[in-house]
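Please open the structure in your viewer and keep the selection panel at hand. The stops below are given in the order in which they may be selected.

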Amino acid sequence: MARATGGTPDVRRHDFRSGDPEVVHDHLRSVHTDHSCLFSGEVDGFECRSTMVEEDRFGVGLLWHSAARRIVVEPYPLLTVLHCLDGMMGMSPWPGDVEVAIRPGQSMLCGRVSRAAVRWKACTLGAVLLSPAAVVAEVGALAGVGLDDLRMETTRPVSAARERHWGSVVRHVSDGFLRNPEIRDSELSRTAMFHLLALTFVDTFPVPGRERFADHGQGPLVVRRAVEFIEEHAGDDITLVEIAAAAGVGVRALQQGMRRHRDTTPLAFLREVRMGHAHRELLRAVSDDGSTVAGIATRWGFPHAGRFSALYRERYGASPGDTRREESSAPS
């Protein structure tokens, strides 16, 4: 019988145990996806146990299933990654005969497009459930994926190295989410765990769409949008929130994208662009045009003269006043 418990209304824990195949199948239908039983192995001594802790964005659990069984499942609504701890499990299109199988130490993403035949032999599985919409909202723009890209067939990780990394991340999250109520009940901790799972997921499995946003000089689309907005509005009083909105992502995702692909932050890049404009204006200035260093600095977002002079000297190796005087005194 399953029971739901938890420390906060946002977190749900389900513990289940039964030796009745029909009860087990009803439970699996309610927790995972609709399915029908094709045939089963020995019923005597059969038992299923599971523990699942979940919130709206993700869930982590363990499933132990005795005997050998085969079922047909409908497409999984959630992104469901299974990791084999013992025994074996295989999935193939239904109808069809091309099977993806996992054994101890291996993982697979369950298909979300078509029905599948699933078989296993007395296995223990770890499970990670991810909301596709939540994954896209969290890291979609950063990783270059949308909801349609996450409608995938059953598949394995892109490499053994990434599979091992996925396993280490899942173990880390499971230690906190499954076994530590203090961590589990912290919204900040859960958000950090989900962000790590979402990023590692799109880096581990062959998610379509990422190639469309591969690095091309300035990085993926979200970074290019931010760069273009900053360059176009460098003379305006723009904020980090406005830059992120123009890029189509949240502030955190934009900051991570800029660090990853340009080794800077959005505001540091904005300051560099503005400094470049101020430098060029100082170079163009002449003695009788009425311009001042303070006026040029203020126009490009540097209201504090001392701070502007320090940043300018660090960047160009001379003071703003020296640049203007040198250019003004140069022969025509």
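The tour proceeds from the whole chain to one helix and then to aromatic rings.

This is a predicted model, in which local features need pLDDT of at least 70, side-chain atom pairs count only at pLDDT 80 or more, and totals for chains, interfaces and linings use all residues. Residues are numbered from 1 along each chain as its sequence is written, and side-chain values use heavy atoms, with hydrogens and water left out.

Begin with the whole protein chain, which contains 12 helices and nine strands (DSSP runs, H or I of at least four residues for helices and E of at least two for strands, numbered from the N terminus). Of its 332 residues, 46% count as buried (under 20% relative accessible area, 1.4 Å probe, protein chains only).

Next, select residues 160-177, helix α3, whose 18 residues reach 25 Å from first C-alpha to last, close to the 26 Å expected (1.5 Å times one less than the number of residues). Its buried residues include Glu-163, Trp-166 and Phe-177.

Now display Trp-166 with Phe-201, both of them buried. Their ring centres are 6.4 Å apart and their planes lie at 65°, so the pair is edge-to-face (Phe, Tyr and Trp rings, the last by its six-membered ring, pair with centres within 6.5 Å; planes under 30 degrees apart are stacked, over 60 edge-to-face, the rest tilted). Because Trp-166 lies in α3 and Phe-201 in α5 (residues 187-204), the pair ties together parts 35 residues apart in sequence.

Finally, select Phe-302, Phe-308, Tyr-312 and Tyr-316, which form one aromatic cluster. Add Arg-315, which lies over the face of Tyr-316 at 4.8 Å from the ring centre (the criterion is NZ of Lys or CZ of Arg within 6 Å of the ring centre and within 35 degrees of the ring normal).

Methods: Buried means under 20% relative accessible area, exposed over 50%, partly exposed in between (1.4 Å probe, protein chains only).
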